[in-house]
Amino acid sequence: MSALVWLVALGAIFAVGSELWFYKVALNSELGVLLLAYGLSALTMTAVLTRWPPRDIWGVYLGGALFGFLVEGIVVPTVYVLFPFQMIWTPLAWHALLTVLVGWWVYRRVMARGLWWQGAALNLCIGVFIGLWGAYLWNADESGSELVWTWQPTRAFAVQMGAGLGAFVGAHLLLDVAARWPARMPAWVIWALGGLVTLVFCTAWLPAYFPVSLALPVVIAVTLWALARGQGDGAWFGAAMALQVPRARYLWALLIWGGAVGAYHLIATLRLPLEMNLPVAGITVPVSLVMWLYGLWRGLRVG
């Protein structure tokens with residue numbers, strides 16, 4: 001039962017942070033497949049972190065890196081295209097840094113223990129960032145030889161952001177329920193997920209993108225090795241996973257929707273062609289790479 005809860009809750013949080021708040025997504029039956037893929041990847045990450053509990057936030061980041069490698073290298077073959085840039089950009093810079101570390105770990109810490117203004121500021125900053133990013137990704141057409149801006153109305157953006165907010169808050173509420181019991185995964189879950197990952201990789205992406213595809217098992221193995229070497233006694237990770245957010249504080253999450261829609265509407269109304277991919281990638285790619293390398297070094301040194 002606990003495995004199902006973590007699959008649904010973290011799958012929804014990570015799918016929102018990586019898809020619904022990332023680019024334009026059709027709200028149809030395919031969204032269920034998307035949630036399942038993210039849920040299985042998130043469950044694999046959770047199984048590894050409960051098997052080798054991190055002693056600090058760097059271990060959590062390595063777990064986020066594992067999640068990113070699984071999504072972009074097993075669910076879809078993004079990491080094999082534009083190699084090695086895509087090996088860093090989506091798995092580390094977006095998934096590990098923004099989706100997992102900020103959208104799950106830091107968000108729950110601040111919402112549970114932070115002062116009211118810290119929670120409000122975090123939600124507003126997330127919303128404004130989403131609005132600025134959405135104003136670029138929803139309106140910039142890069143299919144031709146030149147970048148063309150086709151400005152979309154705010155309403156469609158607001159609807160998708162609202163759907164994402166509902167799933168995001170609902171998933172965090174589900175984690176509040178799961179926090180009452182220790183986060184543990186049976187051994188068979190780890191073996192089953194590991195076997196599924198290996199099967200998909202060997203039958204689909206290994207032959208299709210050989211020899212570049214060989215990089216994926218290497219980065220995953222190094223990440224797992226650092227997690228295993230640097231694991232703690234479980235006290236810090238267990239206490240962090242047991243945090244519950246007071247329900248009234250979720251009202252702050254409305255600032256995510258307000259900040260996102262407000263920023264998007266301002267940019268779309270003024271028709272400002274802000275290519276947000278350049279500064280975002282320019283900052284997060286080197287930062288996330290350094291964080292991953294430091295996390296590896298720290299895990300191996302501690303071990």
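Start by selecting Gly 59, Leu 62, Gly 63, Leu 66, Phe 69, Leu 70, Gly 73 and Ile 74 in helix α3, then add Leu 216, Val 219, Ile 220, Thr 223, Leu 224, Ala 226 and Leu 227 in helix α8; these are the residues through which α3 and α8 meet. By class, this contact has 11 nonpolar residues and 4 polar ones, and no charged residues. The model on screen is a predicted one.

Now show the two helices whole: α3 covers residues 57–75 and α8 covers residues 215–229. Two packed helices are described by the angle between their axes and by the distance between those axes. For α3 and α8 the angle is about 160° and the axes are 10 Å apart. Angles over 145 degrees count as roughly antiparallel, and α3 and α8 are therefore roughly antiparallel to each other. Turn the view until one helix lies in front of the other: α3 passes α8 in a left-handed crossing.

**The loop after α3**

Next, select Leu 82, which is found in the loop between α3 and α4. Its phi is near 55°, a positive value in a residue other than glycine. Is Leu 82 buried or exposed? Leu 82 has a relative accessibility of 60%, so it counts as exposed.

In the loop between α3 and α4, select Pro 84 as well. The peptide bond that leads from Phe 83 to Pro 84 is cis, with omega near 10°.

**A second cis bond**

Go on to Phe 210 and Pro 211, which are joined by a cis peptide bond with omega of about 10°. Pro 211 lies in the loop between α7 (187–208) and α8, and α8 is one of the two helices from the start of the tour.

**Aromatic rings**

Display the side chains of the aromatic residues. The structure holds 27 aromatic pairs. Among them, pick Tyr 107 and Phe 168: the ring centres are 5.0 Å apart and the planes stand at 70°, so this pair is edge-to-face. Tyr 107 belongs to helix α4 (residues 85–113) and Phe 168 to helix α6 (residues 154–178), so the pair ties together parts that are 61 residues apart in sequence. Tyr 107 is buried, with a relative accessible area of 1%. Phe 168 is buried too, at 3%.

The next pair to select is Trp 138 and Tyr 264, also edge-to-face, with 6.4 Å from centre to centre and 75° between the planes. Where in the chain do Trp 138 and Tyr 264 lie? Trp 138 is in the loop between α5 (116–137) and β1 (140–141), while Tyr 264 is in helix α10 (residues 254–270). The pair links distant parts of the chain, 126 residues apart. Both Trp 138 and Tyr 264 are buried.

For a wider view of the rings, select Phe 22, Tyr 23, Phe 85, Trp 89, Trp 94, Phe 129, Trp 133, Tyr 136, Trp 149 and Trp 151 together; these residues form one aromatic cluster.

**Last stop**

From Tyr 264 in α10, move on to Arg 271, found in the loop between α10 and α11 (277–302). Arg 271 is not a glycine, yet it has a positive phi of about 55°. With a relative accessibility of 53%, Arg 271 counts as exposed.

Definitions and conventions: Residues numbered from 1 in each chain as written. Predicted model: local features only at pLDDT ≥ 70, side-chain atom pairs only at ≥ 80, totals over all residues. Heavy atoms only, no water. Axes fitted to C-alpha atoms, helices over the stretch in contact; angles between N-to-C directions. Helix = DSSP H or I, 4+ residues; strand = E, 2+ residues; numbered from the N terminus. Parallel < 35°, antiparallel > 145°, perpendicular 65-115°, else oblique. Left-handed = near helix turned anticlockwise from the far one by under 90°. Contact = heavy atoms within 4.5 Å. Nonpolar A, V, L, I, M, F, W, Y, C, P; charged D, E, K, R; others polar. Phe/Tyr/Trp six-rings, centres within 6.5 Å; stacked < 30°, edge-to-face > 60°. Buried < 20%, exposed > 50% of the residue type's maximum accessible area, 1.4 Å probe, protein only.
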